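Q: Could you take a close look at one part of this model for me? I'd like to go through a single residue and its surroundings, and then a sheet.

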Amino acid sequence: INNTHFVSVSYDSTAKIWDSSRNQKICDLIGHGTSRVYSVEILSDGRILTGGHDYRICIWNDCTLQATL
């Protein structure tokens, strides 16, 4: 994630990475099954954490799922 990228979360069970400089979606983060995604945190090393209604935390490296807790 850099200065032109941001992450949104959604009730459609995904989080999305966006590029604001090009006004387009980079990728969907799909790891919470059919559960709503409620929260996102971007760590200082660039990894992304998402939390959902499934009580799981997904750890992402850009568009790739690294682990689920």
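A: Here is a walk through one aspartate, followed by a look at a sheet. Keep in mind that this is a predicted model.

Let's start with Asp 19, which you'll find in strand 2, the stretch covering residues 14-19. Is Asp 19 buried or exposed? Its relative accessible area is 5%, and since the cut-off for buried is under 20%, Asp 19 counts as buried because of that value. Its side chain has polar company, too: there's a polar contact with the side chain of Ser 21 at 2.5 Å, and another with the side chain of Arg 22 at 3.0 Å. What does Asp 19 touch once you leave aside its neighbours within four places in sequence? That list reads Thr 4, His 5, Gln 24 and Ile 26.

Now for the sheet. Strands in a sheet pair through backbone hydrogen bonds, in either a parallel or an antiparallel way. Here, four strands make up an open sheet, running in the order 4-5-6-7, and the pairing is antiparallel. At the edges sit strand 4 (37-42) and strand 7 (64-68), each of them pairing on one side only. Going from one strand to the next, the twist averages 25°.

Zoom in on the strand 7 edge and you'll see its partner, strand 6 (residues 57-61), with the two joined in the antiparallel sense over four bridges. Within this part of the sheet, Asn 61 stands opposite Thr 64 of strand 7.

Notes
Residues numbered from 1 in each chain as written. Predicted model: local features only at pLDDT ≥ 70, side-chain atom pairs only at ≥ 80, totals over all residues. Heavy atoms only, no water. Buried < 20%, exposed > 50% of the residue type's maximum accessible area, 1.4 Å probe, protein only. Polar contact = N/O pair within 3.5 Å; in protein donor to acceptor, adjacent residues only side chain to side chain. Contact = heavy atoms within 4.5 Å. Pairing = 2+ DSSP bridges. Axes fitted to C-alpha atoms, helices over the stretch in contact; angles between N-to-C directions.
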